[in-house]
Amino acid sequence: MCLCMYMGTVNIAFMVVGIVIGLVGIGLAGLNYPIYQGLKSRKSKEVSPIIEENQEKLSTILEQAHNLIVNPNI
């Protein structure tokens, strides 16, 4: 901040360019969130069926393990 104010007293053009670059940076930082949400949504649509399939497999295995514990004679 101090450097910007010092530069502003020497040459106002540097201060104006710094403000423009700062505003562009703020705009690009604000653009990151919608991009992130879109990527997250697309990736979760790809991964959800795989997760559900693996959950079903795990459920079946756990039911079999439970039956072995409850009825060890089988």
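This passage describes helix H2 and the salt bridges of a predicted model. In this predicted model, local features require a pLDDT of at least 70 and side-chain atom pairs count only at pLDDT 80 or more, whereas totals for chains, interfaces and linings use all residues. Residues are numbered from 1 along each chain as its sequence is written, and side-chain values use heavy atoms, with hydrogens and water left out.

Helix H2 (helices being DSSP runs of H or I of at least four residues, numbered from the N terminus) comprises 59 residues, from 12 to 70. Its first and last C-alpha atoms lie 82 Å apart, close to the 87 Å expected, where the expected span is 1.5 Å times one less than the number of residues. At Val47 the helix bends by about 35 degrees, the bend being the angle between axes fitted to the seven residues ending there and the seven starting there; a proline, Pro49, follows within four residues.

The structure contains two salt bridges, each defined as a side-chain nitrogen of Lys or Arg within 4 Å of a carboxyl oxygen of Asp or Glu. In one, Lys43 pairs with Glu46, with the closest N and O atoms 3.6 Å apart; both residues belong to H2 and are separated by three residues, about one turn of the helix. In the other, Glu53 and Lys57 meet at 3.4 Å, N to O, and these residues of H2 are four apart, again about one turn. An α-helix has 3.6 residues a turn, so residues three or four places apart point the same way.

Glu46 is partly exposed at 46% relative accessibility, a class lying between buried (under 20% relative accessible area) and exposed (over 50%), with a 1.4 Å probe and protein chains only. Glu53, at 45%, and Lys57, at 48%, are likewise partly exposed.

How values were computed: Helix = DSSP H or I, 4+ residues; strand = E, 2+ residues; numbered from the N terminus.
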